[in-house]
Every structure is written in structure tokens, then in C-alpha cells.
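Thanks, everyone, for making the time this morning. I would like to talk through how parts of this chain pack together, and I will put the sequence and the structure up before going any further.

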Amino acid sequence: MNINDDEIPNIFQLKETFIKDSFWFLNWIDGVYVVDDIKYVDFHFINKDTPDDKFSEFQKNCQVTVQLKFSLTSFFSIGCVFDEYGRLLYFPEGINYDCDLIDINKDYALRLVKGKIQCINENLVYPFPSDELTNELEYFTTNINVNGSTIKIIIPVLAMCSYLYFKSEDLTEYIISNEWSSVFSFREVERDNIKTGYFEYDNSKILNSEIKSISQFFFLKDSLGLKSIILIGNHLRMSLIKNKLKEGKKSVYLSTVIPFSYGANFKLRGKIINHEGQIHFFTYAIEDITVENNLFTVDRVILVPRFPNIQHLEDKIKHLREVRKRQNRKRFEGYKGLRDVKNYNGTYFPTDFFLKKSPLFFNLSIITQMSDEELITIHQNLYSNRNKANTYKSDYIFLICKELIHKLKSPYINFIAIDQLLFDRKETVIVVNDLKFNVLIVEISYQNNYFYLIDFLRDYFGLVSSEKQNSKITPLTLKIFLHKIIYEYFRLPDFLLWYALKKDRAFFIENFGIDVLDYLGYNPMNIYCNDNEVDKKVADIKKLLKKYRKNVA
């Protein structure tokens, strides 16, 4: 993961109450209020000697309240642990965090309620804030049975929104301000019995990865995702307006609905609280949600950038955010001898934070439409001034093919060239938007099965077959398959191309009858400095053929 993309802001205010060799536990995030047209929340911290959520006599501990922009909730959850300098050490969704876990299966329906959680405010194992702060809390709840005991589940609406929608500061701000319609729009089109959702977005303001995480919710059945997102901003705006007329009441808790019309499985992280004979589970964060049924009105979603110069605009957004981060970073200049903490990467974020930022997809194919300009740039980078390098790669695959014939003792190993009249030509040419892309394809007949090695001259080749493996892939199907890869996947770096194709394996089986089995990397220069290179690579290919041959009935 790129540090600059996901750098977590330090909460520098905690330094003002500096307690050496101690930790700060985020025990509560209050409601939203407005100061000078900026939405804020109060973060409540309690000081601890250990970096965990275990408490005893917490009433005596130092407690601090920090005012922060609401959009920072995209980084932080209740339950986060910070060091004495305000640097995030552990977060509930991380693999290095030890807290209580609980599962809710689809048989239990969560309902939204509003009111105090005073039933557990006076417990002795978790430091909730006062009744006044929790008076208007909205949360999802249900009672579940675990080993004969009834447990009441409490999931703050903020925890649900953070998991589903709040994937970056900017995206969070657009949602809570109800300004998302100025940044993206959507529509559905049906053609040849395939329903496609087109999601246009302003790529001068928001990153592709952020749009990818939110776009799926606009194509849920019964428009539940749209209703859920609209309700967040509408409820917040109306409640804040009402609060202006009331004295002594300033903050508003979030409200929304869960965007699933039927059961889902939830994996929660939080704290089990046994108080006065009743067991409660207070949720810090949601680790995972799985839904078994098809939720969507479309078969796939295509992301459509509003402006050309896609990569340039992505880089510009990242640069502006980096400038903003540097300004915050200056607050830490002059601090020396910061304590080294295990599982902390040194300065900016926990080593496992990428888990929290993982995109959320419910088995919906989401791809980004490539502009003509971007495709031209990719073509230029691939072929301009690289003729010699591509020659090395061609030589490499030719030697691989020759050695395969020898090792497998099969004469049915050949280069195939789709739509080529010249039989001595070994390269297939795929034309995409009048640009010619060269592809090397080796058809292998192995133990009555057909496999295809495909090399785009990008330092990796993939192994594919027909779904049944005992029949060839027709030239037309193969051509359409390759065209799709070039048009929709070529923007990926070389090392991610075949990984992404294999990840979308089910899609290619369903739509092309082609199974993306595996892939191997190579360095074409190795054949000139290592006599055993070709033998090793052929041995690797042979292992793959045997591996996938075994799966055939």
C-alpha cells in the first residue's frame, strides 16, 4: 500500500495532555455539530497504561475530549488505541487488535432504535460518557442467542456507515453534506439481456478507488442503497437546523437504514458487557458483512470518468491531499525520541491498516471505462522505444514453446495467430480503437486437454483453458476475450494484470466459457545469463498443467 494514499492524521491535541509511556483509548465519538459551517464531532479519550480495551477503576483515569472534523471518522472507530503523541497504534478491524468478536447470522433482523443506552452506562468494565451524551443515540439492535444466553447487540449508526460508505475524508464529506449528486451520477442500460449500470464521476475531485467502493450501493434492489445514503445527509441537515432553535442541545447522531431488504451475516468487533444480569455487546466496528442473495438490479457496473487526462487528475488529487497532510505533519516537527512501538511502521500508520481500507464488493463486477486518450498512452508506453525489449520477450516465449514440445513429447503445441493469413506469423494482433496490440498465444494439447499460454509482452504470461478443458477455445471467442482484457484491464500494472484476471475468474467462465487458471512471471534477460532458465520455466508450466489437469472429471 502507498503510504501517501492512506496516511492517517495524528491527533496532535493529545500531546497537550502528554503522559509519558501511556496510551489513549477512543471510548466514544459524539454527535455532529457545526462551527463556522464546518461539521465537527467530539472524540472522547481515556488514558491507559496498556494498549487494549481492558479497564479497571477507569473513573480515576485521565479523560480528554478533542474536537475534530467529522470526516476524520473515515479513519477512526470507537476502540482505537493511540500512543502518547496521538499516533494511531491499533484499530478494531486490525489483525493486531484483541477485543471481543461476535457473529450475527441472517436469521436475526436488526432494527433501528433511538434513545439512551443508560442500561449499560453505569457498568464497571467500559467507560461510556454521561447519560446526556448518549441520550439521542441511534443504533441498530437485536437479541441473539449464544450458548443458551441472550445477548443484546448494539451497533451505533456511525459504525455501520463507516463500514459501508465512509472510505475517505472527501467521500464522507460529500455524503453527510448531501453534495454527492454534484460529484457523481448513475443510470441503467439493458442490452442483449445484460443490465449495465453506468456510474459517471467527477475525476477531478475524487479518486477511482473511492468511487469503486461507493458505486455499488446505487444499484441495489428497491433503491435501498440510494435511500440509505440520502437519509444520512437529509437527517443530519434537518436535525442541525432544528437545533439552532433549541438552546443547550448542539450535537446530532447519524441516522440511516441498512441497505439490505433481507438477511445478512455480520461479523462484529467490540466489548461484551455483563451488567445487572443482562449481557450486551457494544460494537466498536464492523469487520465484515456477507449477503448470500443477489442484491443488485444490474449485472455489472462501469465507472465513467467525467474528464480525460485520467491519470493526471488522479495524481493531482493525491498531490493536493499530500500537501494537506504535510501541513498537519508540521505540527510534529521538533519532537525527538518518539517511542518505537511493535506493529507500527515508524511514523504514519499501523502496518495492518490496509485491512480497514479494503474496498467492499458484494460479488458485483465493477470496472472503469477507459478513455481513448488513456488507451493511446498505454499503447505508447508498451511499444514506443521498446522494440528491443519486446524482441527479448518474443525470443523467450519462442524458446519456452520449443522446450515444451520436447519435454511434453507432444507435437500438438503451436503458436496460433487469430485472423492471420500468413501461416508463418506467430503473433496475434488485436485491434482496439485502431491501435494494434501484439499477443503471443501458445496452444497446448496435454493429456487430451487444451490449454493456452497467453503473453501480452508484459513480463507475465497466463494459463487459460475452456471451461471444460477437453475442447478448444474458438478463435472468435478468444479474440473477444483478448479484446476485453486490453480494453478493461490494461491500465493495471504488469504485476497486477493476471492477478485481477484470475480474481474475476467466475465472470470469464460465465460470459466466455474461458477459465483463467494461473499465471507466471518471467525476466526475458535471464535466458542470456542463466542456461537453466528455460528448463526451470518449462518445469513450472508443466506443474501447472498437471495441477489443473487433475481437476478435470
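Let me begin with a convention: an angle between axes under 35 degrees counts as roughly parallel, one over 145 as roughly antiparallel, one from 65 to 115 as roughly perpendicular, and the rest as oblique. Please keep in mind throughout that what you see is a predicted model.

With that convention, consider helix α10, residues 475–489, and helix α12, residues 505–512, which pack at an angle of about 140 degrees with their axes 12 Å apart. The two helices are therefore oblique to each other, and the crossing of α10 past α12 is right-handed. On the α10 side the contact is made by Thr477, Ile480, Phe481, Lys484 and Tyr489, and on the α12 side by Phe507, Phe508 and Phe512; these contact residues divide into six nonpolar, one polar and one charged.

Turning to the interior, the largest nonpolar core has 101 residues, and those with the most contacts inside it are Phe76, Phe82, Ile155, Met160, Tyr165, Leu254 and Ile289. Apart from that core lies another, of 32 residues, which includes Val432, Ile441, Phe481 and Leu482, so named here with Phe481, a residue that also belongs to the α10 side of the helix contact. Returning to Ile155, if we leave aside residues up to four places away in sequence, this isoleucine touches Ile104, Leu110, Tyr139, Phe140, Met160, Leu268, Thr283 and Ile286.

Finally, helix α4, residues 169–176, is mostly covered, with seven of its eight residues buried, namely Glu169, Asp170, Leu171, Thr172, Tyr174, Ile175 and Ile176. Just after α4, asparagine 178 takes a positive phi of about 60 degrees.

Technical notes. Residues numbered from 1 in each chain as written. Predicted model: local features only at pLDDT ≥ 70, side-chain atom pairs only at ≥ 80, totals over all residues. Heavy atoms only, no water. Core = buried A, V, L, I, M, F, W, Y, C linked by side-chain atoms within 4.5 Å. Buried < 20%, exposed > 50% of the residue type's maximum accessible area, 1.4 Å probe, protein only. Contact = heavy atoms within 4.5 Å. Axes fitted to C-alpha atoms, helices over the stretch in contact; angles between N-to-C directions. Helix = DSSP H or I, 4+ residues; strand = E, 2+ residues; numbered from the N terminus. Left-handed = near helix turned anticlockwise from the far one by under 90°. Nonpolar A, V, L, I, M, F, W, Y, C, P; charged D, E, K, R; others polar.
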